[in-house]
Amino acid sequence: MKLAKWLSAIFLMLLLAWPAQAGNYTSVRKFMKKVKAEQGIHYVLFSGRWCPPCRKLDRLLEQAGLTDKIMIIDVSSNFGLKLMYDLKMPGIPTATIVTSKIGPSGKLEVFFSKDYRYGLNECLIFLLAHVPHPAAAEK
């Protein structure tokens, strides 16, 4: 029994010590500030720093030069976990599109697409196909 407690404690410490992904959005304030400042289409990835497929996807997106163009919502935060739950996402990694605009009333309107991709391969293909690549923007 003591061995199980020790192993649990070590596992928890490793999870907490794992480096965070670049560009994480961990609060409503940070997320809303971004979608208000840059109205339009945003590519969003629900991810966790403790999730092996998420870390692999982050490395692949970084190699493709797309990390800065994707809003990565950290589901390790209360904000990320609640948002994922409210949107009924099946798990992580999950990619979707968010559209933001100032509505007729003058208030910011944020819409999450119900069309999402779940899993490492599905997310990677979706993001590579939709997110404008930096090299393509230079042409």
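This report describes the strands, cores, one helix and the aromatic rings of a predicted model.

## Basis

In this predicted model, local features need pLDDT of at least 70, side-chain atom pairs count only at pLDDT 80 or more, and totals for chains, interfaces and linings use all residues. Residues are numbered from 1 along each chain as its sequence is written, and side-chain values use heavy atoms, with hydrogens and water left out.

Helices (H or I, at least four residues) and strands (E, at least two) are DSSP runs, numbered from the N terminus.

## Strands around β4

Strand β4 covers residues 94–102. Two strands pair if DSSP finds at least two bridges between them. Strand β2 (residues 40–47) is joined to β4 by 7 bridges. The two run antiparallel. Here Y43 stands opposite I97.

Strand β5 (residues 108–112) is also antiparallel to β4, with 5 bridges. S100 has V110 as its bridge partner. The hairpin of β4 and β5 has 5 residues between the strands. In that hairpin, G106 takes a positive phi near 90°. Strand β6 (residues 117–118) joins β4 through 2 bridges, again antiparallel. T94 faces Y118 there.

## Nonpolar cores

A nonpolar core is a set of buried Ala, Val, Leu, Ile, Met, Phe, Trp, Tyr and Cys residues joined through side-chain atoms within 4.5 Å. Buried means under 20% relative accessible area, exposed over 50%, and partly exposed in between (1.4 Å probe, protein chains only). In soluble globular proteins, nonpolar side chains tend to be buried together.

The largest core has 16 residues. Those with the most contacts inside it are F31, V44, F46, M71, I73, M84 and I92. Two or more residues come from each of α2 (28–37), β2, β3 (70–74) and α4 (78–86). Helix α4 gives the largest share, 3 residues. Another core lies apart from this one. It has 15 residues, among them L57, A95, F126 and L127.

I92 has many partners beyond its neighbours within four places in sequence. Contact means heavy atoms within 4.5 Å. Its contacts include F46, W50, C54, V75, M84 and Y118.

## Helix α3

Helix α3 has 12 residues, 52–63. The expected span is 1.5 Å times one less than the number of residues. That gives 16 Å, and the end C-alpha atoms are 17 Å apart, which agrees.

Its buried residues are C54, R55, L57, D58 and L61. They fall within an arc of 160° seen down the axis, so they line one face of the helix. The arc is that of the directions from the helix axis to the C-beta atoms. These buried residues pack against β2, β3 and α5 (120–130). On the other side, P52 and Q63 are exposed. Just after α3, G65 takes a positive phi of about 75°.

## Aromatic rings

The structure holds 2 aromatic pairs. Rings of Phe, Tyr and Trp (its six-membered ring) pair if their centres lie within 6.5 Å; planes under 30 degrees apart count as stacked, over 60 as edge-to-face and the rest as tilted.

F31 and F79 form a tilted pair, 5.8 Å centre to centre with 45° between the planes. F31 is in α2 and F79 in α4, 48 residues apart. Both are buried. F31 and F112 form a stacked pair, 5.9 Å centre to centre with 15° between the planes. F112 is in β5, 81 residues from F31. F31, F79 and F112 form one aromatic cluster. F31 counts as buried because its relative accessibility is 3%.
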